[in-house]
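Q: I'd love a close look at one part of this model, please. Could you walk me through it step by step?

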Amino acid sequence: MEYFLELSSSGLVRGSIYALIALGYTMVYGIIQLINFAHGEIYMIGAFVALIVSGVLTIYGFSGVSILILAGLIAVIYAAAYGYTLEKIAYRPLRNAPRLSPLISAIGMSLFLQNYVLLAQTPDFLPFPALIPDFDFMEPIAHIMGSAELVILVTSAVSMVALTVLIKYTRIGKAMRATQQDMTMARLVGVNVDNVISTTFIIGSVLAAIGGVLVGSYIGQINFYIGFMAGVKAFTAAVLGGIGNIPGAVLGAMVLGLTEAYAAGYISSAYEDVFAFGVLVLILILRPSGLLGKAVTQKV
Amino acid sequence: MLELRNVDTYYGNIQALKGISIDVNEGEIVTLIGANGAGKSTTLMTICGVTPPRSGEIYFKGTPIHKMPTDKIVAMGLVQVPEGRRIFPNMSVLENLEMGTFLRRDKSEIQKDIDYAFDLFPILAQRRSQMGGTLSGGEQQMLAISRALMARPQVLLLDEPSLGLAPLIIKQIFEIIKKINQEQKTTVFLVEQNANQALKLADRGYVMENGRITLTDTAENLLDNEQVREAYLGL
């Protein structure tokens with residue numbers, strides 16, 4: 001039983017990280033039907049910025065939590081700038097092009113950003129400091145869930161609640177929903193669609209960077225390639241939940257994270273990817289629109 | 001109030017509007033009639049900046065708007081009820097109405113306008129929390145018109161409000177358009193295939209064929225015009 005709980009906790013942690021990244025995929029897809037393949041790279045850049053900032057801050061004598069918060073903040077700002085710029089230079093000029101063109105552009109940006117970090121930094125793994133402190137109150141259940149895991153779960157949950165509130169109640173959130181449902185009509189009620197698209201990229205990048213910082217601190221090392229696999233997994237999670245559907249992305253990510261954790265724990269860690277993608281194949285056969293991606297009844 | 005001068009609009013290499021000129025004066029109801037594919041909807045989308053003209057000018061109250069982005073044009077008071085209604089399917093009736101107020105800053109006045117819309121179309125009040133996508137065609141048309149009114153338009157651009165609706169509902173919708181024109185002093189530019197109904201409602205009319213304006217006159221004269229009667233009224 002304890003082993004099961006331990007695996008569950010590790011599965012939920014993976015799931016939260018996938019969810020943070022998957023939200024960016026699904027939101028962008030929902031609005032402009034583009035799979036932003038460079039999204040995983042934003043997550044990787046977030047982790048790198050946090051690493052660099054935490055190195056600098058350590059030299060100046062900052063300690064644990066304050067570094068985590070400052071480095072996280074700066075990583076988020078950088079990632080937002082990258083996300084915004086990415087859309088502006090790689091996708092906006094292709095807004096009216098056939099759908100394949102921005103997709104190819106996305107793959108190009110992904111390769112470019114990977115190699116840019118590879119050249120500017122290093123091809124090797126870099127150690128990432130453990131920025132998340134150990135809480136005393138977690139001591140009794142530390143063998144099931146550690147402090148770092150708790151922080152990841154709580155941070156992800158708070159981010160997702162904030163996103164939900166933003167989309168449901170704010171002006172920009174309403175504009176995003178309107179744009180997602182009918183872009184032309186959104187323009188006709190006065191929504192500046194270009195701003196909405198930029199904002200969507202910024203929000204997605206912020207969430208991905210939060211994930212990148214948390215993962216770096218949790219796993220303890222990063223390199224230029226971490227965005228690729230995380231991106232593929234998060235994309236899988238988004239498709240699993242029903243691409244374009246926000247609660248679906250979170251659900252898909254949790255299912256994927258737990259599947260991986262159980263497969264790794266009960267069978268072999270060599271098989272975790274097999275099970276993760278196996279679930280995807282099953283869902284796509286049985287429910288091609290994803291877990292929550294149901295077609296809306298609509299009268300014409 | 002609204003002037004189009006030699007407007008050309010293209011979709012890629014295909015020219016949809018060929019040098020059209022239209023005038024709509026304040027307080028009027030002007031209709032644009034024509035067959036399928038004549039370019040009527042394109043005319044409205046061009047006015048709203050969704051498919052901007054390649055050449056020619058469009059003026060609204062003397063201001064050139066042919067190079068403005070859509071949201072700026074809407075902010076000036078040119079509001080369209082597009083063909084096919086385009087209700088936001090996963091928003092409630094109330095949320096759809098609220099989207100119509102997107103550019104408004106006078107939050108306190110909005111409730112009054114929502115009440116006015118519910119007064120015009122009582123069925124919408126009953127359905128206020130129902131999702132837009134689940135409404136019937138007639139209800140969606142009523143919601144689309146109400147949503148446009150929420151923006152307090154100076155010119156209301158209507159694209160085939162009668163399309164696919166039962167005759168009784170069409171009658172009701174046309175009566176409301178008249179009412180909006182009279183009560184709110186809203187200028188109306190109405191695009192229709194249903195030429196008979198549209199000309200009975202309008203003050204003046206334009207006839208469009210293959211992207212060109214071929215005829216313009218008072219609505220009364222157009223109703224009596226031999227060509228129009230044959231081609232569009234089936235008489």
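How many salt bridges does the rule find across the interface of chain A and chain B? Please take in the surroundings of that interface as well.

A: Happy to! Bear in mind that this is a predicted model. Across the interface of chain A and chain B, the rule finds three salt bridges. One to look at joins the side chains of B:Arg86 and A:Asp182, with 2.7 Å from N to O.

B:Arg86 deserves a moment of its own. This residue sits in the loop between β6 and α3 (93-100) of chain B. Its phi is near 50°, a positive value in a residue other than glycine. B:Arg86 has a relative accessible area of 28%, so it counts as partly exposed. For another residue of chain B with such a backbone angle, turn to B:Lys61, which is not a glycine either and has a positive phi of about 50°. B:Lys61 belongs to the loop between β4 (55-60) and β5 (63-64) of chain B.

Now let's step back to the interface as a whole. Here 21 residues of chain A are in contact with 28 residues of chain B. About 2300 Å² is buried between the two chains, and carbon and sulfur atoms give 57% of that area. On the chain A side, the residues that lose the most area to chain B are A:Arg171, A:Gln181 and A:Leu188, which together make up 28% of what that side buries.

Besides the salt bridges, there is a count of polar contacts: five residue pairs between chain A and chain B, with both residues at pLDDT 80 or more. As for where the chain A side comes from, the elements giving two or more residues to it are α6 (171-181) and α7 (183-188) of chain A. Of the elements on this side, α6(A) gives the most, with six residues. Sorted by class, the side of chain A that touches chain B holds eight nonpolar, six polar and seven charged residues.

From the chain B side, B:Gln80 makes a nice viewpoint. You will find B:Gln80 in strand β6 (residues 78-81) of chain B. Its relative accessibility is 2%, so B:Gln80 counts as buried. Leaving aside residues up to four places away in sequence, B:Gln80 touches A:Met185 and A:Leu188 from chain A, along with B:Leu44, B:Met45, B:Cys48, B:Ala148, B:Leu157 and B:Asp159 from chain B. A:Leu188 is thus a name to recall, being one of the residues that lose the most area to chain B.

To round off the picture, have a look at the aromatic residues. The whole structure contains ten aromatic pairs over all chains. In one of them, the ring centres of A:Tyr25 and A:Phe235 are 5.8 Å apart and the planes meet at 50°, so the pair is tilted. A:Tyr25 comes from helix α1 (residues 2-32) of chain A and A:Phe235 from helix α9 (residues 226-241) of chain A, so this pair ties together parts 210 residues apart in sequence. A:Tyr25 is buried at a relative accessible area of 2%, whereas A:Phe235 is partly exposed at 22%.

Another tilted pair is A:Tyr91 with A:Phe201, whose ring centres are 5.6 Å apart and whose planes are at 35°. It links helix α3 (residues 64-91) and helix α8 (residues 193-219) of chain A, with the two residues 110 places apart. A:Tyr91 is buried at 3% relative accessibility, and A:Phe201 is buried with a relative accessible area of 3%. Finally, A:Tyr3, A:Phe4, A:Tyr262 and A:Tyr266 form one aromatic cluster.

Notes. Residues numbered from 1 in each chain as written. Chains lettered and ligands numbered in written order. Predicted model: local features only at pLDDT ≥ 70, side-chain atom pairs only at ≥ 80, totals over all residues. Heavy atoms only, no water. Contact = heavy atoms within 4.5 Å. Buried area = accessible area lost by both parts, 1.4 Å probe. Salt bridge = Lys/Arg side-chain N within 4 Å of Asp/Glu carboxyl O. Polar contact = N/O pair within 3.5 Å; in protein donor to acceptor, adjacent residues only side chain to side chain. Helix = DSSP H or I, 4+ residues; strand = E, 2+ residues; numbered from the N terminus. Nonpolar A, V, L, I, M, F, W, Y, C, P; charged D, E, K, R; others polar. Phe/Tyr/Trp six-rings, centres within 6.5 Å; stacked < 30°, edge-to-face > 60°. Buried < 20%, exposed > 50% of the residue type's maximum accessible area, 1.4 Å probe, protein only.
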